[in-house]
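Biologist: Please take a close look at one helix of this chain and describe how it is placed among its surroundings. I should like a single connected account.

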Amino acid sequence: MFRGGRGRRQRREKRESGEAGDGAAIGIEGWRASLDRNVNSAIYVTRSALPHLRASSHGWIIMMSSVTGPVMAIRADVAYATSKAALVGLTKALAVDEAPRGITVNAVAPGWIATPSQLETEVGH
């Protein structure tokens, strides 16, 4: 498991930004940042791509979700879990809407991976 300085900095920044925390501790700006990065960005890109995909009568949209949120949760990371569960909902809704147009919409949902940005609460899971 990598324990370099960059990972510690990213974890500290996530805590300090208010993005990490349980339901009582999470900052509203951190909450919004997580939803912006993980959900809103996906719909912005999708909205830009859909006219082109529809014009071609086929295509694929692949979302990057996680098992965190729709399947399980990690302590003190309520915003991330919520945003990834919302991304799965967005994927399913888009799949239903776009299937008649020949556009497939799926989400990749990897399990936990040790990265430099992991939180201390994630170590050992």
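**Helix 3 and its surroundings**

Modeller: The buried residues of helix 3 are covered by, among others, helix 2 (28-56), strand 1 (59-64) and strand 2 (103-108). The model is a predicted one, and the account below starts from the helix itself.

Helix 3 spans residues 78-98, 21 residues in total, and its first and last C-alpha atoms are 30 Å apart, close to the 30 Å expected at 1.5 Å a residue. Its buried residues are Ala79, Ala81, Ser83, Lys84, Leu87, Val88, Leu90, Thr91, Leu94 and Glu98. An α-helix has 3.6 residues a turn, so residues three or four places apart point the same way. Leu87, Leu90 and Leu94 are among the buried residues of helix 3, and these three leucines also belong to the largest nonpolar core of the chain.

That core has ten residues in all: besides the three leucines, it contains Ala42, Leu50, Leu53, Ile61, Met63, Ile103 and Val105. At least two residues of the core come from each of helix 2, strand 1, helix 3 and strand 2. Leu94 gives a local view of this packing: with residues up to four places away in sequence not counted, Leu94 touches Thr46, Met63 and Val105.

The loop between strand 1 and helix 3 holds Thr68. Thr68 counts as buried because its relative accessibility is 5%, below the 20% cut-off. Apart from neighbours within four places in sequence, the contacts of Thr68 are Ala73, Ile74, Tyr80, Ala81 and Lys84. Of these partners, Ala81 and Lys84 are also listed among the buried residues of helix 3.

Strand 1, part of the cover of helix 3, also contributes to the surface. Ile62 is in strand 1 and counts as exposed because its relative accessibility is 52%, above the 50% cut-off. Together with Trp60, Met64 and Val108, Ile62 makes a nonpolar surface patch of about 460 Å². Strand 1 supplies the largest share of the patch, with three residues.

For the chain as a whole, the elements are three helices and two strands, in the order α-α-β-α-β along the sequence. Of its 125 residues, 32% count as buried. Of the contacts between residues at least 6 apart in sequence, 69% join residues at least 24 apart. The accessible surface amounts to about 7,400 Å², with 58% of it belonging to carbon and sulfur atoms.

Notes: Residues numbered from 1 in each chain as written. Predicted model: local features only at pLDDT ≥ 70, side-chain atom pairs only at ≥ 80, totals over all residues. Heavy atoms only, no water. Helix = DSSP H or I, 4+ residues; strand = E, 2+ residues; numbered from the N terminus. Expected span 1.5 Å × (residues − 1). Buried < 20%, exposed > 50% of the residue type's maximum accessible area, 1.4 Å probe, protein only. Contact = heavy atoms within 4.5 Å. Areas by Shrake-Rupley, 256 points an atom, 1.4 Å probe, with all protein chains shown as cover. Core = buried A, V, L, I, M, F, W, Y, C linked by side-chain atoms within 4.5 Å. Patch = residues over 30% accessible without salt bridge, like charges linked within 9 Å, V, L, I, M, F, W, Y side chains within 5 Å. Salt bridge = Lys/Arg side-chain N within 4 Å of Asp/Glu carboxyl O.
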